[in-house]
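Hi,

Here's the structure I promised to pass on to you. Have a look at it first, and then read my notes underneath.

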Amino acid sequence: MSGTEGKGMVKDSRSQPTLGMDPFEDTLQRLREAFRSGRTQPAEFRAAQLKGLGRFLQEHKQLLQEALAQDLHKSAFQADVSELILCQKEVDLALRNLHAWMKDQPVAKNLLTQLSSAFIRKEPFGLVLILSPWNYPVNLTLLPLVGALAAGNCVVLKPSEISRGTEKVLAEVLPQYLDQSCFAVMLGGPEETGQLLKHKFDYILFTGSPRVGKIVMAAAAKHLTPVTLELGGKNPCYVDDNCDAQIVANRVAFFRYFNAGQTCVAPDYVLCSPDMQERLVPALQSAIARFYGEDPRASPDLGRIINEKHFQRLRGLLGCGRVAIGGQSEESDRYIAPTVLVDVQETEPVMQEEIFGPILPIVTVRSLDEAIDFINRREKPLALYAFSNSSQVVNQALARTSSGNFGGNEGFMYLTLWSMPFGGVGHSGMGRYHGKFSFDTFSNHRACLLSHAGLEKLNELHYPPYTAVKKKLMSWALGSQSCTLL
């Protein structure tokens, strides 16, 4: 793909052969100057950018659907429900609430500050870098962009070079809908991204693997740049004996095989008793056949692996344990059938890395306690799921573990709720976004106290020397936290 740089709207460092030159400096300098000018601060400017993003989604819906089909074999409907509609709803939410989100937030005062104005002001950080992945290349690029624009930042987008069709649309079409003095798309692979990260940004949001997340965080640390890291991991799914095996199989199969398993919050492996495994495997077989037909390769609803490298990695994992369902693959089509593995050992490769494909290993445990111990011996996952007819079992799984997100008798439907934050914990990430949480993530929460220029007599209370009366009054005033927000 050839990057076009009309008025600096796209910078493709892959087309810059000159040694010793920094392909990003001019564009970044232009964005910094635009921010310093105050251009992005007014609510009217922010709303105009959000409306432009909304028009991009509406006017190029078919183009985006075609790009997602090219990259991931997504059907138009799956592209809509997992990417385009969610982005449009995020834009709509931000536009409806922008003025309320931007308002200064009054806070409680004590007697010493009662005549002052105390509030929190949400101000933009400045120049934000968003590094997005290939698995949901529209959703995971534009959702954080909404928050960054709403918060009044200048933004550099770096879409994944792996999802080439979507990258092309984002680079060549999206900038036409945004103010190019405050927004840019940067292109390139790992080498170019490494170059980009040498520059100072005011905030970085990265979505991807923990391995690359560490590289991003190390680069950010050199400039003391704050980061949100949306990483991955192995998401456990505990299935209790006390449940309907077919209902569980329907839900687990849907969320495991959606987008060909290339979802960071998908159930990565099942923990259940040997008895439940005997019930669950045929139920999963039934669910897969109902969802994708007897020949899943012919189903329009089953995606494909993003590229040859990931296809070969996943095909290597098919040798772990024993294939109970599926196991077929076709290199020319990057197709891997919805697969279930049993007799899987904890030490096998399929249990050592995030699978990120349509393969579901089942590991047997004897009890909920053993399952919780299994989970807690590992890094904290991005998501954790528990299925049981007993609310006590689900609540135990919730109370005795830690994860970025949790689903009880449910998959990742929480991603459709803008009232909830999305983010990881520990090895699975830090920080959160979605809805107002995105606005808050990309805003500096500035503590402000505005006092009167006069009334100096009142301040004499806390000036030395400290008499016994002053000490008593100061102690009393400091301890008198008021509920008033005036």
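Below is what turned up when I went through the pockets, one arginine and the cores.

One thing to keep in mind from the start: this is a predicted model.

Let's begin with the open space. The largest pocket holds about 1,500 Å³. It is lined by 50 residues, and Gly-208, Ser-209, Pro-210, Arg-211 and Val-212 are the ones closest to its centre. If you want to find the pocket on screen, look for helix H7 (190-196), strand E7 (203-207), helix H8 (210-221) and helix H11 (308-317), since these are the elements that give two or more residues to its lining. H8 gives the most, with five residues. As for the chemistry of the pocket's lining, it splits into 22 nonpolar, 15 polar and 13 charged residues.

Then there's the closed-off space. How many cavities of 30 Å³ or more are there? The count comes to one, and the largest cavity has about 40 Å³ of space in it. Its lining is made up of Tyr-238, Leu-368, Ala-371, Ile-372, Ile-375, Leu-384, Ala-397 and Thr-401. Helix H12 (residues 368-376) supplies the largest share of that lining, four residues. Here seven of the lining residues are nonpolar, one is polar and none is charged.

Next, a residue worth clicking on: Arg-304. You'll find Arg-304 in the loop between helix H10 (274-292) and H11. Is Arg-304 buried or exposed? It counts as buried because its relative accessible area is 4%, and the cut-off for buried is under 20%. The side chain of Arg-304 makes a polar contact of 2.8 Å with the side chain of Asp-333. Leaving out residues up to four places away in sequence, Arg-304 also touches Leu-72, His-73, Ala-260, Gln-262, Arg-297, Arg-334 and Tyr-335, besides Asp-333 itself.

Last, the nonpolar cores. The largest one has 92 residues, and Phe-56, Leu-142, Leu-145, Leu-174 and Val-265 have the most contacts inside it. Helix H4 (residues 76-102) brings the largest share of this core, nine residues. Take Phe-56 as an example: not counting neighbours within four places in sequence, Phe-56 is in contact with Leu-64, Leu-142, Val-169, Leu-170, Val-173, Leu-174 and Tyr-177. Apart from this core lies another one, of 26 residues, including Tyr-238, Phe-311, Val-365 and Leu-384. You've met two of those names already: Tyr-238 and Leu-384 are among the residues that line the largest cavity.

Cheers

Conventions. Residues numbered from 1 in each chain as written. Predicted model: local features only at pLDDT ≥ 70, side-chain atom pairs only at ≥ 80, totals over all residues. Heavy atoms only, no water. 1 Å grid on protein atoms, 1.4 Å probe; cavity = no way out; pocket = protein on both sides within 12 Å on 5 of 7 lines; lining within 4 Å. Points joined across faces, edges and corners; volume = space filled by probe spheres on them. Nonpolar A, V, L, I, M, F, W, Y, C, P; charged D, E, K, R; others polar. Buried < 20%, exposed > 50% of the residue type's maximum accessible area, 1.4 Å probe, protein only. Polar contact = N/O pair within 3.5 Å; in protein donor to acceptor, adjacent residues only side chain to side chain. Contact = heavy atoms within 4.5 Å. Core = buried A, V, L, I, M, F, W, Y, C linked by side-chain atoms within 4.5 Å.
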